[in-house]
Amino acid sequence: MDWDKLRIFHAVADAGSLTHAGDKLNLSQSAVSRQIRSLEEALNVTLFHRHARGLILTEQGELLFDATIAIDKRLEAATARIRDSKEEVFGNLRVTTTFAFGALWLAPRLPHLYDKYPDLKIDLMLAEHILDLPMRQADLAIRMKEPSQADLIRKKLMTVRMRLFASKTYLAKEGTPTNINTIREHRLVCQSPSSHQVSAGKSLVQYLMSNDIRSLLTVNNYFGVLQGVLHDLGIGILPDYITEDFPHLVRVMPDLESPPVPVFLAYPEELRHSKRISAFRDFVQNEIIQHRKQLKRLGKI
């Protein structure tokens, strides 16, 4: 099968338009149209339904598009491995993690990585849903549970726990609760039980909310919870990894916390020898070591 025709087909299917595909490929609309017709004739099928608003793939076209997507991802992986065969660490690296960990822990530390590898281009994708690493929706993931997808290299980085924190200002005004009976007189700031979160955090939220809490603020992510706590709204349920960067927060009721939540780093087996992956992995591991040293200095572990 003609690879050039497949490349043009892929561009048209992706754009849904001959004109837009031609612009991307630097080809005229008529040239693109001729290539598509030629491919259809070679396969003896119709690949697109044509109408005034654009092009829609036929069932046969969808099958071929799935194949070209897989080919494109394989070529992308091969290109990355070829580039990584050099000594330099450079190029694009797509990293996915949860919104809270990415925004509150990882992003503030990225300057250390860029200082060492200024030619890296990090695409940080913060999402609660799991991206498909073998299908190259991302190159590397940091997740709050062990990934179940096949053909992945996994490494446990650390464990985190959900704990109770409040600002000094709030506690000076409202007092410090010492047990479950006194905490119900405070405002609780937490993720909504219906929002996506690790089961350990959800269980802790549900336990506290079952104790007739007087006032409540729920948010659908930990960044919002943190903002509420920093602005003296109440006692928040937050992951313990934020305490180094916000040392003025006070831990409340230290005997109450969630079970440990494992944090895993994972990437596809085919990227085992990628220098970009190795550089990022080593960076994260070193930052975790420094993080734990700082927490020990602060007396928090």
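Contact here means heavy atoms within 4.5 Å. In this predicted model, Phe223 touches Phe99 and Leu104 by that criterion, once residues up to four places away in sequence are set aside. Phe223 belongs to helix α10, which spans residues 222-230. With a relative accessible area of 35%, Phe223 is partly exposed. The C-alpha atoms of Phe223 and Leu238 lie 9.1 Å apart in space, with the two positions 15 residues apart in sequence numbering.

Phe223 also takes part in a feature of the surface. Together with Phe99 and Leu126, Phe223 makes a nonpolar patch of about 220 Å². Leu126 is contributed by strand β4, residues 120-126. Like any member of such a patch, Leu126 has to pass a cut-off of over 30% relative accessible area, and its value is 33%. Leu126 therefore counts as partly exposed, since that class lies between the 20% limit for buried and the 50% limit for exposed residues.

Attention can now turn to the interior. The largest nonpolar core has 63 residues, and the members that touch the most others are Leu106, Ile142, Leu164, Leu208, Ile237, Leu238 and Phe280. Helix α11 (residues 275-297) supplies the largest share of this core, with six residues. A second core, separate from this one, has 18 residues, among them Leu6, Ala11, Ala13 and Leu47.

Ile142 offers a good view of the packing. Leaving out residues up to four places away in sequence, Ile142 touches the three threonines Thr96, Thr97 and Thr98, along with Phe101 and Leu106. Its other contacts are Leu157, Val263, Phe264, Leu265, Phe280 and Val284. Two of these partners, Leu106 and Phe280, are themselves listed with Ile142 among the core residues that touch the most other members.

Leu157, one of the contacts of Ile142, can also be placed relative to Arg74. The two residues, Arg74 and Leu157, are 83 positions apart in sequence and 28 Å apart in space, C-alpha to C-alpha. Arg74 sits in helix α4, residues 59-83, and is exposed, with a relative accessible area of 57%.

A polar interaction is found at Ser215, in strand β9 (residues 215-219). The side chain of Ser215 makes a polar contact with the side chain of Arg187 at 2.9 Å. Beyond residues up to four places away in sequence, Ser215 touches Arg187 as well as His186 and Leu188. Ser215 has a relative accessible area of 19% and so is classed as buried, because the cut-off is under 20%.

Finally, the backbone merits a look at two positions. Asn44 has a positive phi of about 60 degrees although it is not a glycine. Met253, likewise a residue other than glycine, has a positive phi near 50 degrees. The settings of the two can be described in turn. Asn44 lies in the loop that links α3 (29-43) and β1 (48-51), and at 70% relative accessibility Asn44 counts as exposed. Met253 is placed in strand β11, residues 249-257, and counts as buried at 12% relative accessibility.

How values were computed:
Residues are numbered from 1 along each chain as its sequence is written. This is a predicted model: local features need pLDDT of at least 70, side-chain atom pairs count only at pLDDT 80 or more; totals for chains, interfaces and linings use all residues. Side-chain values use heavy atoms; hydrogens and water are left out. Patches are made of residues with over 30% relative accessible area and no salt bridge: like charges are joined within 9 Å, nonpolar side chains (Val, Leu, Ile, Met, Phe, Trp, Tyr) within 5 Å. Accessible areas come from the Shrake-Rupley method with a 1.4 Å probe; for residues, only the protein chains shown count as cover. A salt bridge is a side-chain nitrogen of Lys or Arg within 4 Å of a carboxyl oxygen of Asp or Glu. Helices (H or I, at least four residues) and strands (E, at least two) are DSSP runs, numbered from the N terminus. Buried means under 20% relative accessible area, exposed over 50%, partly exposed in between (1.4 Å probe, protein chains only). A nonpolar core is a set of buried Ala, Val, Leu, Ile, Met, Phe, Trp, Tyr and Cys residues joined through side-chain atoms within 4.5 Å. A polar contact is a pair of N or O atoms within 3.5 Å; within protein, one must be able to donate a hydrogen and the other to accept it, and residues adjacent in sequence count only if both atoms are side-chain atoms.
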